[in-house]
Amino acid sequence: VQLQASGGGLVQAGDSLRLSCAASARSFSTYDMGWFRQAPGKEREFVAAISLLGTRTYYADSVKGRFTVSRENAKNTVYLQMNSLKFEDTAVYYCAAGRMPTFQAQNILDDVRYAYWGQGTQVTVSS
């Protein structure tokens with residue numbers, strides 16, 4: 001599975017952005033999808049995840065209520081709508097695909113569970 005993330009950019013605090021991640025595989029709907037981010041000098045961290053049929057989602061506390069993850073399996077695409085962006089949201093954002101034994105935090109937050117990763121898209125929020 002090849003993943004291509006896009007939609008990043010430079011915005012001001014309070015603005016919105018929508019990231020997209022397009023997958024190459026017809027089996028896209030058999031993968032749970034996650035978004036992670038990595039800020040300069042920091043470890044990669046979990047942002048959000050969505051189950052393979054889009055019926056369940058999970059968010060990091062830091063983005064809950066501001067970010068929304070969704071997917072369109074017919075288009076092999078997952079999205080991350082980011083509203084009320086903050087300076088601390090500045091990072092490279094990665095999408096990832098994996099098959100979780102169960103859609104629970106213990107699996108979703110574990111980046112080892114994701115077999116495929118996109119190349120990342122830069123999001124910069126100016127304060």
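**Stop 1: the four-stranded sheet**

Start by colouring S1, S3, S8 and S7 in this predicted model. They form an open sheet, and that is also their order across it, with antiparallel pairing. Now look at the two edges: strand S1 (3-6) and strand S7 (67-72) each pair on one side only. From one strand to the next, the twist averages 15°. As a reminder while you look along the strands, the pairing within a sheet is made by backbone hydrogen bonds, in either a parallel or an antiparallel sense.

**Stop 2: Gln4 on the edge strand**

Stay with strand S1 and select Gln4, which is found there. Is Gln4 buried or exposed? The answer lies in between: its relative accessible area is 48%, so Gln4 counts as partly exposed. Leaving aside residues up to four places away in sequence, Gln4 touches Ser20, Cys21, Ala22 and Gln119. Add Ala23 to your selection too: Gln4 and Ala23 are 19 residues apart in sequence, and their C-alpha atoms are 6.5 Å apart in space.

**Stop 3: S7, S8 and the loops around them**

Cross to the other edge and show S7 with strand S8 (residues 77-82); the two run antiparallel and are joined by six bridges. For one pair to display as sticks, take Phe67, which stands opposite Met82 in S8.

Next, select Asn76, in the loop between S7 and S8. Its phi is near 55°, a positive value in a residue other than glycine. Most non-glycine residues have a negative phi. Asn76 has a relative accessibility of 17%, and because buried means under 20%, Asn76 counts as buried.

Then follow the chain past S8 to Ser84, in the loop between S8 and S9. Ser84 is not a glycine either, yet it has a positive phi of about 50°. With 40% relative accessibility, Ser84 is partly exposed.

**Stop 4: strand S11 and its partners**

Bring up strand S11 (residues 121-126) and show its side chains. Which residues make up its covered face? They are Thr121, Val123 and Val125, while Gln122, Thr124 and Ser126 make up the uncovered one.

Add strand S2 (residues 9-12), which pairs with S11 in the parallel sense over four bridges. Here Gln12 stands opposite Ser126 in S11. Then add strand S9 (residues 91-98), which runs antiparallel to S11 and is joined to it by three bridges. In this pairing, look for Val92 opposite Gln122 in S11.

**Stop 5: Leu53 in its loop**

Move to the loop between strand S5 (45-50) and strand S6 (57-59), and pick out Leu53. Leu53 has a relative accessible area of 61%, so it counts as exposed. Its contacts, not counting residues up to four places away in sequence, are Ser29, Arg71 and Asn73. For a distance to try in the viewer, go from Leu53 to Gln106: they are 53 residues apart in sequence and 19 Å apart in space, C-alpha to C-alpha.

**Stop 6: the largest pocket**

Finish by selecting Arg37, Lys42, Glu88, Asp89 and Thr90; of the 15 residues lining the largest pocket, these are the closest to its centre. The pocket holds about 190 Å³ of space. What classes of residue are in its lining? Eight are charged, four are nonpolar and three are polar.

Definitions and conventions: Residues are numbered from 1 along each chain as its sequence is written. This is a predicted model: local features need pLDDT of at least 70, side-chain atom pairs count only at pLDDT 80 or more; totals for chains, interfaces and linings use all residues. Side-chain values use heavy atoms; hydrogens and water are left out. On a 1 Å grid over the protein atoms alone, a cavity is a set of points where a 1.4 Å probe fits but cannot get out, and a pocket is an open set with protein on both sides within 12 Å along at least five of seven lines; lining residues have an atom within 4 Å of a point. Grid points are joined across faces, edges and corners, and a volume is the space filled by probe spheres set on the points. Ala, Val, Leu, Ile, Met, Phe, Trp, Tyr, Cys and Pro count as nonpolar, Asp, Glu, Lys and Arg as charged, and the others, Gly among them, as polar. Buried means under 20% relative accessible area, exposed over 50%, partly exposed in between (1.4 Å probe, protein chains only). Contact means heavy atoms within 4.5 Å. Two strands pair if DSSP finds at least two bridges between them. Axes are lines fitted to C-alpha atoms, for helices over the stretch in contact, and angles run from 0 to 180 degrees between N-to-C directions.
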